[in-house]
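Colleague: I'd like to get to know this protein chain a bit better. Can we go through it together, one question at a time?

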Amino acid sequence: MKSGSAGTDAAASGTGKVWLVGAGPGDAGLLTVKGLRALEAADVIVADRLGARAVLDGLAADGVRLRAEVVDVGKRPGHHAVPQDAINALLVHLAGEGKTVVRLKGGDPYIFGRGGEELAACQEAGVAVEVVPGITSAVSVPAIAGIPLTHRGVATAFTVATGHDQIRALGGGRDHTVVLLMGVGTLAHSAITLARGERGADCPVAVVEDGYGPRQRVTIGTLATIAQQAGERGIRSPAVVVVGDVVRLSPYAPADLATLKPETYDPLAVTAEPLTRKATL
């Protein structure tokens with residue numbers, strides 16, 4: 001699949017085209033330029049609930065006027081307004097009518113977004129399709145809470161999983177960051193499972209709710225305390241959970257967990273203070 005301006009291929013061939021566009025975490029400023037160009041050229045936008053709708057609203061607030069019809073196929077936890085098979089069929093049908101279609105997906109289409117399935121459905125139907133990557137919430141939402149997923153002397157690797165997955169097999173200690181998406185409903189189980197490994201019950205945990213949204217909030221504790229904190233604070237989806245010593249770098253970390261002062265923290269420093277102090281809550 002080669003790059004090009006959205007709509008050029010469709011106009012030249014007389015047939016439609018589908019663009020699978022990553023909307024990012026919901027901030028219109030984090031939409032890629034290529035993604036914006038696709039939206040501007042679209043006849044129809046088939047939009048997700050999370051991230052995608054917020055980006056469309058943000059563009060409108062910034063004075064960007066899109067001519068496309070918007071079809072909402074958003075999903076809520078436990079409720080899929082439009083089944084995935086129907087979404088696939090809709091993309092193929094609209095492109096078959098000669099329309100330029102943007103499938104606007106929260107985050108990145110390929111990170112727990114089922115973008116690969118939509119790509120395959122279009123290809124099998126002979127529909128031209130192109131993917132425009134987006135910024136995944138797995139990286140961007142921790143960043144807004146001041147949490148780098150890797151940091152010299154603190155963590156050299158990270159794993160992204162969903163809270164619905166069995167995480168028992170995730171190895172490594174607290175220097176291997178774990179990011180859980182869609183993990184609020186299974187937070188207690190995930191915390192118990194991870195605490196049984198090398199990370200231990202006092203491993204720092206952050207939950208970032210509604211990253212870049214109007215109710216953005218950060219809760220920080222440990223694997224031993226985070227489930228109780230979540231219940232007391234009424235933590236709700238969407239949220240990103242970060243497990244590991246990098247959580248200590250957040251300016252939101254309480255004093256007994258933090259080991260670096262935000263006002264002196266330099267992420268570009270050649271060396272960093274090793275995080276060896278145990279934390280208790």
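Modeller: Sure, and keep in mind that this is a predicted model. Let's begin with a salt bridge, the one between glutamate 118 and lysine 105.

Colleague: How far apart are the closest N and O atoms of glutamate 118 and lysine 105?

Modeller: A salt bridge needs a side-chain nitrogen of Lys or Arg within 4 Å of a carboxyl oxygen of Asp or Glu. Lysine 105 and glutamate 118 pass that test, with their closest N and O atoms separated by 3.2 Å.

Colleague: How many residues apart are those two, glutamate 118 and lysine 105?

Modeller: The pair links distant parts of the chain. Lysine 105 sits in strand β6, while glutamate 118 belongs to helix α5 (residues 115–124). Along the sequence, they are 13 residues apart.

Colleague: Is glutamate 118 buried or exposed?

Modeller: The cut-off for buried is under 20% relative accessible area. Lysine 105 has 2%, so this partner counts as buried. Glutamate 118 has a relative accessible area of 0%, so the verdict for glutamate 118 is buried.

Colleague: Which residues are linked with Lys105 and Glu118 in a network of salt bridges?

Modeller: Lys105 and Glu118 are part of a salt-bridge network. The other members are Asp48 and Arg103.

Colleague: How many salt bridges does the count come to?

Modeller: We've met one already, between glutamate 118 and lysine 105. Another joins aspartate 245 and arginine 248, at 2.5 Å from N to O. The count comes to 13.

Colleague: What about arginine 217 in its salt bridge with glutamate 209: is arginine 217 buried or partly exposed?

Modeller: The two side chains meet at 2.7 Å, N to O. Glutamate 209 is buried, at 1% relative accessible area. Arginine 217 has 26%, and since buried means under 20%, arginine 217 counts as partly exposed.

Colleague: Let's move to the strands. Which strand is joined to β2 by four bridges and covers residues 69–72?

Modeller: Start from β2 (residues 44–47), where Val44 and Val46 point one way, Ile45 and Ala47 the other, and all are buried. Alanine 47 has aspartate 72 as its bridge partner. The two strands run parallel, and the partner strand is β3.

Colleague: Which residue in β6 stands opposite isoleucine 45?

Modeller: β2 also pairs with β6 (residues 100–105), in the parallel sense and over four bridges. Opposite isoleucine 45 in β6 stands valine 102.

Colleague: Which helix makes a β-α-β unit with β2 and β3?

Modeller: The unit is right-handed, and β2 and β3 are its strands. Its helix, covering residues 52–61, is α3.

Colleague: Now the surface. Which residue joins Tyr110, Ile111 and Phe112 in a nonpolar patch?

Modeller: Together, the patch has about 390 Å² of accessible area. The remaining member lies in the loop between β9 (176–181) and α7 (187–195), and at 43% relative accessible area counts as partly exposed. That residue is Met182.

Colleague: And serine 140: which residues does serine 140 touch, leaving out those up to four places away in sequence?

Modeller: Serine 140 is part of helix α6 (residues 137–144). With a relative accessible area of 6%, serine 140 is buried. The residues touched are Pro25, Ile135 and Tyr212.

Colleague: Last one: what share of the residues in the protein chain is buried?

Modeller: The chain holds eight helices and 12 strands. Out of its 281 residues, the buried share is 48%.

Technical notes: Residues numbered from 1 in each chain as written. Predicted model: local features only at pLDDT ≥ 70, side-chain atom pairs only at ≥ 80, totals over all residues. Heavy atoms only, no water. Buried < 20%, exposed > 50% of the residue type's maximum accessible area, 1.4 Å probe, protein only. Contact = heavy atoms within 4.5 Å. Patch = residues over 30% accessible without salt bridge, like charges linked within 9 Å, V, L, I, M, F, W, Y side chains within 5 Å. Areas by Shrake-Rupley, 256 points an atom, 1.4 Å probe, with all protein chains shown as cover. Pairing = 2+ DSSP bridges. Right-handed = clockwise from strand over helix to strand, strands pointing away.
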